[in-house]
Amino acid sequence: MLNWTAKDLVGLKVPTEVAISPDGTKIAIAVSEPDWGSGVMVSNLWLWRNGELSQWTFGDKSIAQPKFSPDGNWLAFLAKPAKEDEAKNQVWLMSLNGGEPRQLTEAKEGVVTFEWHPDSKLIWCVIPEAKPKERRQAEEVDRKRRADFSYHDDALPQRTLWKFKVPDGKGEKVFVGDAGIYELKVSPNGKRIVFATTFTGKRDDWRRSKLFWLSVDEPKPSPRPICEREGAQTLPQFSPDGAKVAFLSWREPDRSFSHHRIFVADFEGNWRELNSTPDLEIETLHWKHRWLFCLLQTGCTSQIWRVDENEAVPITEGDWVITGFNVLENGKTFAAIRTDDRNLPEVWLGELEGEQIRWWQISDFNPQVKRWKLSRVQIVRWQSNDTEVEGLLWIPPKELHCSTPLPTVVWVHGGPKSRAMKALLSAAGIPSFLASRGYAVLAPNFRGSGGYSNEFATANFRDLGGSDFQDILSGIEWCIAQGIADPERIGIAGGSYGGYMTNWALANSERFKAGVSLYGIALLFSDFGNSNNPSWEPDYLGGFPWEIPELYLQRSPFIHAHKIKAPLLLLHGESDLNTFISNSQEMFTALKKLGRTVEFVRYPREGHGFREPNHQVDVLERISIWFDKWLKGDAFASAVPIGEQASDGNLSARILDRAKISHPVNLELSGNEKLVSVVLSLEAKDNDGLLLSRDVRLLDSNGREYPVAGLLQTEGEICWLVEGDLKIGLAQKAISLNLAFRLPAESQPAAVKVRHLILRV
């Protein structure tokens with residue numbers, strides 16, 4: 001069994017969307033993977049047919065929303081260049097009888113979403129209106145002469161409904177709507193369209209989402225509301241006869257984080273709630289044959305349920321997490337993406353036999369994982385006051401032979417109405433990664449989490465950092481009582497609300513010896529004022545800052561920063577519009593002024609969460625190094641010891657020595673610099689090339705990186721430095737390099753990173 005690295009984890013191929021052809025013989029899959037050279041994630045199209053799986057698109061485009069035509073002859077999808085930040089999605093067509101994909105649309109502002117017409121001769125698209133040519137020209141003139149400006153929160157362009165002929169792409173604008181249209185469905189007879197809109201298209205207005213319908217035969221189609229019920233309405237699904245529409249809406253119309261329930265409406269203004277579904281959160285909805293099929297959150301896992309007026313029954317076992325599924329019109333044939341704690345997300349074909357789906361795995365995108373040393377995961381439960389709380393416990397692979405009690409990290413999920421899932425890549429794989437490095441990781445589903453009852457999901461209303469925090473503390477005490485967690489070596493980490501809870505926990509408990517806050521909240525006042533989702537605070541706190549200022553103050557970690565003693569690492573994207581980067585800036589400034597141990601790392605271009613693969617690798621490694629330093633007492637406890645070989649299956653590296661340096665005759669150092677030399681042995685099974693400026697870094701004891709200054713060469717007693725952007729050819733025969741690094745005089749070298757291999761020096 002093999003050790004694996006952060007880059008191995010981020011480099012996995014992950015299926016994200018799945019579609020099944022009308023006859024059930026083909027399955028289209030969107031598969032995400034990194035393009036390391038350009039530093040972006042790309043998504044390619046794969047197709048399963050005749051029992052074989054093959055890749056159908058290649059290159060730098062990102063694919064989304066694969067959809068088969070009703071006659072089964074075409075596959076349509078959205079695609080855009082992955083390397084261009086401002087690129088727009090267009091609809092592409094691919095004939096299933098052969099040939100290259102062709103671009104169907106050329107919308108200046110791109111395509112938001114699309115649907116096939118039932119006769120397969122048309123595709124309906126939602127397209128934002130383009131700016132008039134003269135306005136674009138004027139803006140470009142102003143930009144060039146630096147007379148440009150913009151209005152904050154200005155109105156977004158209206159969105160329009162177009163129909164395009166297949167395959168020639170001739171388009172016709174049918175309807176001009178508001179700026180918030182984001183979803184549409186076409187009735188089985190093609191005469192009606194239902195769409196969802198937030199009216200403005202702005203992030204904060206998702207709570208206003210409503211459903212409308214159009215009669216496409218009208219000369220000037222006029223939208224009519226599906227249902228007058230309060231609360232957001234989403235995921236419309238036509239009944240097979242087209243007479244009704246099912247959709248999801250909040251159980252409590254004035255509470256955005258209450259559970260979604262299924263509602264059914266006709267086109268006369270009548271609607272009702274289906275009460276047969278259990279008291280669990282619903283993620284996805286399909287209406288096929290006589291049944292509704294929905295994906296329910298069941299604790300740490302998920303299940304597909306079959307629902308009608310009278311009953312709801314689970315048709316999958318409860319040990320898996322399903323991230324998406326599609327079902328044929330017969331209501332019996334399924335394609336789904338399934339995962340658990342030992343298996344990565346893969347695509348499965350299923351057939352309903354009686355009351356259960358029988359599954360066959362049809363993809364294996366990452367066969368190398370079968371040789372990895374994987375952590376062990378179990379669902380655990382504990383009492384917190386009068387409430388039973390569930391969570392996941394990751395423990396190190398049995399091959400590591402770790403003795404308990406273990407250094408332990410609490411991973412806090414976001415939302416807070418998200419949840420810890422029994423899946424290998426849950427929380428971007430951070431719990432799995434830490435457990436593979438010798439940690440126990442507890443991921444609690446505290447009060448306010450999804451996956452349980454509506455009462456549980458809404459239990460933290462006006463109580464952020466209250467009962468949910470107590471649930472976390474109770475889980476830690478349970479781990480200590482079980483002999484799993486070392487009480488003197490406990491850390492906490494999380495993203496978004498998990499970042500808020502990390503900041504809060506360090507300020508309100510001395511149990512934690514270190515924390516990592518990823519894009520978290522510091523001051524609820526300024527988060528409200530800077531976020532593009534400012535309704536989050538009033539939703540959870542029950543009022544605006546000027547209405548309940550005391551509660552905003554009391555529950556803000558920033559106000560309690562003076563109580564934080566444990567070291568804190570802050571990680572945040574510079575383009576995060578949800579929890580604005582000012583949150584981490586505020587925590588950093590406060591702790592620096594207080595003289596506490598704090599580091600703040602900013603990631604350019606990143607929004608709410610880390611998307612770029614090189615940043616993802618850095619985040620994983622940085623979290624591991626931080627906890628190694630403060631919980632294990634050695635920032636590079638997980639690094640390969642000096643003299644031992646590290647390998648990724650192709651590249652092998654070994655630190656042979658810390659060489660003694662004679663000062664190079666061609667190098668001048670300032671008074672506060674020193675030169676460090678490391679002798680590095682490298683080899684590769686397959687021919688490879690190492691670019692020193694890109695692939696090799698020295699890390700000091702604080703984890704800061706320093707590039708290679710050059711190669712040291714000696715002749716007799718003379719030493720000189722070979723500088724430049726040097727590329728080293730590698731083969732099966734090992735070569736040794738004497739590498740020099742320039743670093744501050746007070747810094748202590750600790751490790752060398754060769755691509756994604758970390759070796760102690």
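This passage walks through selected helix, strand and loop features of the structure shown above.

The coordinates are a predicted model, in which local features need pLDDT of at least 70 and side-chain atom pairs count only at pLDDT 80 or more, while totals for chains, interfaces and linings use all residues. Residues are numbered from 1 along each chain as its sequence is written, and side-chain values use heavy atoms, with hydrogens and water left out. Helices (H or I, at least four residues) and strands (E, at least two) are DSSP runs numbered from the N terminus.

A convenient place to begin is a pair of helices. Two packed helices are described by the angle between their axes and the distance between the axes. Helix H5 (residues 467-481) packs on helix H6 (residues 497-508) at an angle of about 75°, and their axes are 11 Å apart. Here axes are lines fitted to C-alpha atoms, for helices over the stretch in contact, and angles run from 0 to 180 degrees between N-to-C directions. H5 is therefore roughly perpendicular to H6; angles under 35 degrees count as roughly parallel, over 145 as roughly antiparallel, 65 to 115 as roughly perpendicular and the rest as oblique. On the H5 side, Asp 468, Phe 469 and Ile 472 meet Tyr 497, Met 501, Trp 504, Ala 505 and Asn 508 of H6, where contact means heavy atoms within 4.5 Å. By class, this contact of H5 with H6 has 6 nonpolar, 1 polar and 1 charged residues. In this scheme Ala, Val, Leu, Ile, Met, Phe, Trp, Tyr, Cys and Pro count as nonpolar, Asp, Glu, Lys and Arg as charged, and the others, Gly among them, as polar.

The loop between H6 and strand S34 (514-518) holds Glu 510. Glu 510 is exposed, with a relative accessible area of 71%; buried means under 20% relative accessible area, exposed over 50%, and partly exposed in between (1.4 Å probe, protein chains only). Its C-alpha atom is separated by 43 Å from that of Thr 277, and the two residues are 233 apart along the chain.

Helix H11 (residues 613-631) offers a check on geometry. At 1.5 Å a residue, its 19 residues should span 27 Å, and the end C-alpha atoms are indeed 27 Å apart; the expected span is 1.5 Å times one less than the number of residues. Of the 19 residues of H11, 14 are buried, so the helix is largely enclosed by the rest of the structure. Gly 633, with a positive phi near 80°, follows H11.

Among the strands, S17-S18-S19-S20 is the order of an open sheet of 4 strands with antiparallel pairing. Two strands pair if DSSP finds at least two bridges between them. Strand S17 (233-238) and strand S20 (271-273) are the edge strands, each pairing on one side only. On average, neighbouring strands of this sheet are turned by 30° against each other, direction ignored. Strand S19 (residues 260-265) pairs with S20 in the antiparallel sense over 3 bridges, and Val 264 stands opposite Arg 272 in S20.

Backbone details complete the picture. Most residues other than glycine have a negative phi, and most peptide bonds are trans. A cis peptide bond nevertheless joins Val 166 and Pro 167, with omega about 10°, and another joins Gly 415 and Pro 416, with omega about 5°. Asn 50, not a glycine, has a positive phi of about 55° and is exposed at a relative accessible area of 73%.
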